[in-house]
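Got the viewer ready? Let's take a walk through this structure, one selection at a time.

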Amino acid sequence: MKCKSKGSIRSSIKTILRGNEGTSIVLVSIMAIIIITCVVILRMVTSSLWASADKQYNQDQAYMLATTCGKALEDHILAGKINLDGFSFDDTAALASSLPNASIRASASLRQADGNYVLTVTGTVGEATYVYTALYSGSGTSYTRVS
């Protein structure tokens, strides 16, 4: 088997391509369409992942906001510093500098069925909302956590 020189290989390739000019244009067009389609799909997937990550981030922040506030209020309730009868709390204005699209509200209500107080803390960040609830028995400033 004889080896062809580089010059003869190049001239053979040029001859093949020149003889099939229409085929080459179709092949290049198909490759271009495939590449463009892949780029568009990649862009759509990336956008979808970023949107999902932003949504999850807001949900995590709402959860942390509500549970942190709920635990802090619980410490004050158990220490006898808060009377749950008619209690309500809104600290949205204090969040404006650090979380401009967030709000935090808390309130307590007496359940007539068993006489326990339900503390509800609602944290909202963007479109995400998390509600923290706790149940207390007692009156005045003496309460114990039921659940």
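Start by selecting Ile-30: at 44% relative accessibility it counts as partly exposed, because buried means under 20% relative accessible area, exposed over 50% and partly exposed in between (1.4 Å probe, protein chains only). Before you click on, note that this is a predicted model, in which local features need pLDDT of at least 70, side-chain atom pairs count only at pLDDT 80 or more, and totals for chains, interfaces and linings use all residues. Residues are numbered from 1 along each chain as its sequence is written, and side-chain values use heavy atoms, with hydrogens and water left out.

Ile-30 sits in helix H2, residues 21-78. (Helices are DSSP runs of H or I with at least four residues, strands are runs of E with at least two, and both are numbered from the N terminus.) Now add Val-26 and Ile-34 to your selection: together with Ile-30 they make a nonpolar surface patch with about 270 Å² of accessible area. Patches are built from residues with over 30% relative accessible area and no salt bridge, joining like charges within 9 Å and nonpolar side chains (Val, Leu, Ile, Met, Phe, Trp, Tyr) within 5 Å. A salt bridge, by the way, is a side-chain nitrogen of Lys or Arg within 4 Å of a carboxyl oxygen of Asp or Glu. The areas come from the Shrake-Rupley method with a 1.4 Å probe, and for residues only the protein chains shown count as cover.

Next stop: the rings. How many aromatic pairs does a search of the whole structure find? It finds two. Select Tyr-63 and Tyr-130: their ring centres are 4.9 Å apart and their planes meet at 80°, so this pair is edge-to-face. (Rings of Phe, Tyr and Trp, the last with its six-membered ring, pair if their centres lie within 6.5 Å; planes under 30 degrees apart are stacked, over 60 edge-to-face, and the rest tilted.) Tyr-63 belongs to helix H2 and Tyr-130 to strand E4, so the pair ties together parts that are 67 residues apart in sequence. Tyr-63 is partly exposed at 39% relative accessibility, and Tyr-130 is partly exposed at 31%.

Now pick Tyr-117 and Tyr-143, an edge-to-face aromatic pair with 5.7 Å from centre to centre and 90° between the planes. Tyr-117 is in strand E3 and Tyr-143 in strand E5 (residues 142-145), 26 residues apart. Are these two buried or exposed? Both are buried.

Stay with strand E3, residues 117-125, where seven of the nine residues are buried. Color strand E2 (residues 102-110) too: nine bridges join E2 to E3, and the two run antiparallel. Two strands pair if DSSP finds at least two bridges between them. Look for Leu-110, whose bridge partner in E3 is Tyr-117. The E2–E3 hairpin has six residues between its strands, and Gly-115 in the turn has a positive phi of about 80°.

On the other side of the tour's list is strand E4 (residues 128-139), which pairs with E3 in the antiparallel sense over nine bridges. Zoom in on Leu-119, which stands opposite Ala-134 in E4. The turn of the E3–E4 hairpin holds Gly-126, with a positive phi of about 60°.

Last stop: E4 and E5, antiparallel partners over four bridges. Click Gly-138, and you'll find that its bridge partner in E5 is Tyr-143.
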